[in-house]
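Here are a few exercises to work through with the coordinates open. Try each task yourself before reading the solution.

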Amino acid sequence: MDPVLLHLVREALLVVLLVSAPPVGAALLVGLVTGALQAATQIQEPSVAVVPRLVAVLGALAVTAPFLGARVLRLASECFALAARVAP
């Protein structure tokens with residue numbers, strides 16, 4: 001396989017991990033805290049668990065959007081540059 005293509009695939013997988021990490025991490029942390037509070041207070045309302053996680057995910061995406069957008073844009077430009085070199 002072409003080393004440039006392997007680099008591009010590796011970079012794409014890294015971008016997928018970087019883009020998904022902030023919202024998943026925020027949901028994990030808020031879910032753990034909410035679960036502990038629900039266990040301590042014995043409130044088992046499903047909306048109490050979902051709403052804080054949703055707010056945390058949206059907040060994490062809002063805070064990290066410039067960084068994530070720049071990473072995805074850089075990957076897209078690499079893909080287009082490679083396609084321009086390969087295409088006849």
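**Exercise 1: the salt bridges**

Arg-71 and Glu-11 make a salt bridge, with 3.1 Å between their closest N and O atoms. This pair ties together distant parts of the chain: Arg-71 sits in helix H2 (residues 46–86) and Glu-11 in helix H1, 60 residues apart. Bear in mind that we're working on a predicted model.

Task: work out which residues the salt bridges join into one network.

Solution, step by step:

1. Start with the total: the count of salt bridges is two.
2. You already have one of them, Arg-71 with Glu-11. Another is Arg-74 with Glu-11, where the closest N and O atoms are 3.9 Å apart. That pair makes the cut, because the limit is 4 Å.
3. Place the Arg-74 pair: Arg-74 is in helix H2 and Glu-11 in helix H1, 63 residues apart, so this too is a link between distant parts of the chain.
4. Look for shared partners: they join Glu-11, Arg-71 and Arg-74 into one network.

**Exercise 2: buried or not**

Task: sort Glu-11, Arg-74 and Gln-38 into buried, partly exposed or exposed.

Solution, step by step:

1. The cut-offs you need: buried is under 20% relative accessible area, exposed is over 50%, and partly exposed falls in between.
2. Glu-11 has a relative accessible area of 11%, so it's buried. Its partner Arg-71 is buried as well.
3. Arg-74 comes out at 41% relative accessibility, so it goes under partly exposed.
4. Gln-38 is buried because its relative accessible area is 11%. Gln-38 belongs to helix H1 (residues 3–41). Beyond its neighbours within four places in sequence, Gln-38 touches Ile-43, Gln-44, Glu-45, Val-48 and Ala-49.
5. For the chain as a whole, 17% of the 88 residues count as buried.

**Exercise 3: the overall shape**

Task: how does the radius of gyration of the chain compare with that of a compact globule of 88 residues?

Solution, step by step:

1. Take the secondary structure: two helices and zero strands.
2. Get the reference value: a compact globule of 88 residues would come in near 12 Å, whereas the chain has 19 Å.
3. Check the extents: the C-alpha trace spans about 65 × 25 × 15 Å along its principal axes.
4. Turn to the contacts: of those between residues at least 6 apart in sequence, 74% join residues at least 24 apart.
5. Finish with the surface: about 6300 Å² is accessible, and carbon and sulfur atoms account for 79% of that.

Note on methods. Residues are numbered from 1 along each chain as its sequence is written. This is a predicted model: local features need pLDDT of at least 70, side-chain atom pairs count only at pLDDT 80 or more; totals for chains, interfaces and linings use all residues. Side-chain values use heavy atoms; hydrogens and water are left out. Helices (H or I, at least four residues) and strands (E, at least two) are DSSP runs, numbered from the N terminus. Buried means under 20% relative accessible area, exposed over 50%, partly exposed in between (1.4 Å probe, protein chains only). Contact means heavy atoms within 4.5 Å. The radius of gyration is taken over C-alpha atoms; the globule rule is 2.2 Å times the number of residues to the power 0.38. Accessible areas come from the Shrake-Rupley method with a 1.4 Å probe; for residues, only the protein chains shown count as cover. A salt bridge is a side-chain nitrogen of Lys or Arg within 4 Å of a carboxyl oxygen of Asp or Glu.
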